[in-house]
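Thanks for coming. I will go through one model today, part by part, and I will keep it plain. Please have the sequence and the picture open while I talk.

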Amino acid sequence: MIEYLGQELAQRMSELAIGLRAEDNRDGTLRAIVHGALDLVPAASWAGICLIQGKRVTVEASSHDLVLELEQLQSDVGEGPCVSAIRQQRTVRVADLAKAGQLWPRFAATAVERGVRSMMSLRLFLRRETLGALNLYAAQPDAFAADAQILADLLAQHAAVALAGATHEHHLNAALINRDMLGQAKGILMQRDGLTALQAFQLLVRASQDTNMKIADVARWLITDTENNARDQRPTGCPRPPSQPSPSTTGHRPRTVA
């Protein structure tokens with residue numbers, strides 16, 4: 001029986017790994033991890049994923065609105081099993097959130113009120129880099145035994161590898177899109193205002209600084225505005241983000257990028 005269960009587990013983990021690799025985008029990978037956790041880990045009623053974005057913990061995937069609410073609460077108040085798993089770089093398993101003396105009183109009270117009694121948060125990491133946490137919720141106390149943690153740990157390892165690859169591809173695609181938009185925006189300025197490539201870039205940089213917008217957003221705005229003007233066949237003025245004075249191309253030397 002044990003041998004059979006071991007073979008079945010190996011097969012299911014293999015299928016999960018193949019399924020994660022088959023996803024063609026980051027959001028699909030996140031959803032596959034959440035569904036895989038519910039399928040693989042006994043007693044898991046709900047699941048979700050939080051990731052680290054800079055210094056913030058953001059909710060990226062959830063199996064239910066309940067999870068979305070509880071994970072957003074942890075992010076907002078800065079406490080909870082998910083936050084502890086990320087900060088302390090370890091798996092956090094809570095037998096009963098209704099017991100007195102909880103480490104996270106605000107989160108625990110809300111979770112119990114919503115029908116959650118036990119929880120397990122597993123850090124998603126590669127070597128020394130923490131990506132975020134996989135969070136499992138159950139309606140019963142003491143739902144996650146030691147064998148459930150072993151399964152969840154295996155899942156988390158596969159998930160971290162798949163997520164790192166999907167995130168890298170996501171960032172690469174975003175960088176390529178931003179580069180293409182920047183090139184297109186520079187081309188618009190060069191053709192319309194007779195600027196050099198460097199002058200066009202410096203103008204975009206100055207607009208970014210003056211409006212506190214990312215340069216990619218300024219480029220996107222310029223492209224959209226130019227396309228709208230072309231459709232409306234209206235005369236086009238000097239491009240500027242909304243509610244900002246037109247950046248001058250003469251009489252003022254654009255600031256260079258540090």
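**Loops, bridges and a sheet**

I start at N212, which sits in the loop between α7 (197–211) and α8 (215–232). Before going on, please note that this is a predicted model. What is unusual about the backbone of N212? Its phi is positive, about 60°, although N212 is not a glycine. Is N212 buried or exposed? N212 has 73% relative accessibility, and the cut-off for exposed is over 50%, so N212 counts as exposed.

A second residue of this kind is Q89. Q89 also is not a glycine, and it has a positive phi of about 55°. You will find Q89 in the loop between α4 (81–88) and β3 (92–94). The relative accessible area of Q89 is 46%, so this residue is partly exposed.

There is a third case, in a hairpin. The hairpin of β4 and β5 has two residues between its strands, and R127 takes a positive phi near 55° there.

That brings me to the strands. β4 and β5 run antiparallel and are paired over nine bridges. As one example, L124 stands opposite G132 in β5. β5 also pairs with strand β1 (residues 46–53), again in the antiparallel sense, through six bridges. Which residue of β5 is the bridge partner of G48? It is N135. How much of β5 (residues 129–138) is covered? Nine of its ten residues are buried, so the strand is mostly covered. One general point on strands: in a regular strand the side chains alternate between the two faces of the sheet.

Please keep G48 and N135 in mind for the next residue, E71. E71 is in helix α3. Is E71 buried or exposed? Its relative accessibility is 0%, and buried means under 20%, so E71 is buried. Which residues does E71 touch, leaving out those up to four places away in sequence? They are G48, I49, C50, V59, A61, N135 and Y137. So the bridge partners G48 and N135 both appear among the contacts of E71.

Next is helix α2. α2 covers residues 26–40, which makes 15 residues. From the first C-alpha to the last it reaches 21 Å, close to the 21 Å expected at 1.5 Å a residue. Several residues of α2 are buried, among them R26, L30, I33, V34 and L40. L38 is in α2 too, but L38 is partly exposed, at a relative accessible area of 27%. With neighbours within four places in sequence left aside, L38 is in contact with A44, S45, W46, A47 and S63. How far is L38 from Y137 in sequence and in space? The two are 99 residues apart along the chain and 9.6 Å apart from C-alpha to C-alpha. Y137 came up a moment ago as a contact of E71.

Now the salt bridges. How many are there in the whole structure? The search finds six. I will take three of them.

The pair R114 and E69 has its closest N and O atoms 2.7 Å apart. These two residues link distant parts of the chain: R114 is in the loop between α5 (105–113) and β4 (118–126), E69 is in helix α3 (residues 65–77), and 45 residues separate them. R114 is partly exposed at 35% relative accessible area, and E69 is partly exposed at 33%. E69 and R114 also belong to a network of salt bridges together with E113.

R220 and D217 form another salt bridge, with 2.6 Å between the closest N and O atoms. Where do these two lie? Both are in helix α8, three residues apart, about one turn of the helix. Why does that spacing suit a helix? An α-helix has 3.6 residues a turn, so residues three or four places apart point the same way. R220 has a relative accessible area of 36% and is partly exposed, and D217 is partly exposed at 30%.

The third pair is R192 and D193, whose side chains meet at 3.1 Å, N to O. R192 is partly exposed at 30% relative accessible area, and D193 is partly exposed at 27%.

That is the end of my part.

Terms used: Residues are numbered from 1 along each chain as its sequence is written. This is a predicted model: local features need pLDDT of at least 70, side-chain atom pairs count only at pLDDT 80 or more; totals for chains, interfaces and linings use all residues. Side-chain values use heavy atoms; hydrogens and water are left out. Helices (H or I, at least four residues) and strands (E, at least two) are DSSP runs, numbered from the N terminus. Buried means under 20% relative accessible area, exposed over 50%, partly exposed in between (1.4 Å probe, protein chains only). The expected span of a helix is 1.5 Å times one less than its number of residues. A salt bridge is a side-chain nitrogen of Lys or Arg within 4 Å of a carboxyl oxygen of Asp or Glu. Contact means heavy atoms within 4.5 Å. Two strands pair if DSSP finds at least two bridges between them.
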